[in-house]
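User: Please take a close look at one helix and the packing around it. Walk me through its partners, its buried side chains and any aromatic pairing.

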Amino acid sequence: AVFFIPAVVRKDLVRTQQALKGFRKRRPPLSRLPLVEDVVCGICACRVLLGKRRSAVAIYAMCKLYLRPGEAVEVRVADLGRPMGGHQKGLELFSVTVAAQEVGVPSKTFSFDDTVIVDKPAWLGPMLGELAERRPSSEPLFYQSLGVMKKDWIAACRLLGVQAHEYQ
């Protein structure tokens with residue numbers, strides 16, 4: 001009605017606007033489909049071949065830990081939880097804290113201290129621990145900036161001949 005009757009003003013049709021908003025929520029999502037793990041591994045292999053091991057680990061960790069690129073950039077060395085030891089189940093695993101409270105930047109869902117357990121594959125946790133060894137706790141675990149991460153991603157995709165977005 002707003003488009004066909006010039007006298008009608010949008011603010012007069014509040015319920016119509018609400019109905020349209022509900023309709024938009026119910027339509028199929030327009031999100032990107034996840035990449036096949038073989039493609040992710042290929043992208044990581046390209047990064048290793050180019051001498052960018054930290055970049056390869058970051059890309060694989062983003063895939064396995066369901067990290068958004070912005071979250072991966074914000075993860076610091078201090079946010080990597082090391083195994084507590086002992087023989088109790090779960091204490092032998094690494095963890096990653098996303099959007100740490102002391103940094104003051106919430107996640108996309110406006111939460112703090114979201115913790116992800118690094119359980120599969122079994123070698124990923126120790127590799128993250130190795131990546132964090134002898135580095136200051138305030139330093140980023142993976143990337144210095146989102147721009148560097150995106151540039152690394154694009155270079156690997158170009159080398160593979162794959163069209164993929166880093167959110168996949």
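Analyst: Contact here means heavy atoms within 4.5 Å of each other. The model is predicted.

Start with the core, then move to the helix. The largest nonpolar core holds 35 residues. L128, L141 and F142 have the most contacts inside it. Several elements feed this core. At least two residues each come from α2 (37–49), α3, α4 (69–74), β2 (94–98), α5 and α6 (146–160). Helix α3 gives the largest share, seven residues. That makes α3 the part to examine here.

Take L128 next. Beyond its neighbours within four places in sequence, L128 touches V57, A61, L65, L80, V96, V118, L141 and F142. L141 and F142 thus appear twice: as partners of L128, and beside L128 among the residues with the most contacts in the core.

V57 sits in helix α3. Is V57 buried or exposed? V57 has a relative accessible area of 5%, so it is buried; the cut-off for buried is under 20%. Its contacts beyond four places in sequence are M127, L128, L131 and F142. Further along the chain lies L124, 67 residues from V57. The C-alpha atoms of V57 and L124 are separated by 8.2 Å.

Now the helix pairs. The axes of α3 and α5 come within 11 Å and cross at roughly 140°. At that angle α3 is oblique to α5. The crossing is left-handed. On the α3 side, R53, R54, V57, Y60, A61 and K64 make the contact. On the α5 side, the residues are L124, M127, L128, E130 and L131. V57 and L128 are both on that list, and they also touch each other.

Helix α2 is another partner of α3. Their axes come within 7 Å and cross at roughly 165°. The two helices are therefore roughly antiparallel. Here the crossing is right-handed. From α2, the contact uses E37, V40, C41, I43, C44, R47 and V48. From α3, it uses R53, S55, A56, I59, Y60, C63 and K64. R53, Y60 and K64 of α3 contact α2, and R53, Y60 and K64 are also in the contact with α5.

Helix α2 has a further neighbour in α6. Their axes lie 9 Å apart, at an angle of about 105°. So α2 is roughly perpendicular to α6. V39, G42, I43, C46 and R47 of α2 meet D152, W153, A155, A156, C157, L159 and L160 of α6. I43 and R47 of α2 take part here, and I43 and R47 also belong to the contact with α3.

Last, the aromatic pairing. How many aromatic pairs does a search of the whole structure find? It finds one. The rings of Y60 and W123 have centres 5.2 Å apart and planes at 25°, so they are stacked. Stacked requires planes under 30 degrees apart. The pair links distant parts of the chain. Y60 belongs to helix α3 (residues 53–64), while W123 is in the loop between β3 (114–118) and α5 (124–132). The two are 63 residues apart. Y60 is buried, at 7% relative accessibility. W123 is partly exposed, with a relative accessible area of 44%.

Put together, α3 supplies seven residues to the core, contacts α2, contacts α5 and carries Y60 of the stacked pair.

How values were computed:
Residues are numbered from 1 along each chain as its sequence is written. This is a predicted model: local features need pLDDT of at least 70, side-chain atom pairs count only at pLDDT 80 or more; totals for chains, interfaces and linings use all residues. Side-chain values use heavy atoms; hydrogens and water are left out. Rings of Phe, Tyr and Trp (its six-membered ring) pair if their centres lie within 6.5 Å; planes under 30 degrees apart count as stacked, over 60 as edge-to-face and the rest as tilted. Helices (H or I, at least four residues) and strands (E, at least two) are DSSP runs, numbered from the N terminus. Buried means under 20% relative accessible area, exposed over 50%, partly exposed in between (1.4 Å probe, protein chains only). A nonpolar core is a set of buried Ala, Val, Leu, Ile, Met, Phe, Trp, Tyr and Cys residues joined through side-chain atoms within 4.5 Å. Axes are lines fitted to C-alpha atoms, for helices over the stretch in contact, and angles run from 0 to 180 degrees between N-to-C directions. Angles under 35 degrees count as roughly parallel, over 145 as roughly antiparallel, 65 to 115 as roughly perpendicular and the rest as oblique. A crossing is left-handed if the near helix is turned anticlockwise from the far one by less than a right angle, and right-handed if clockwise.
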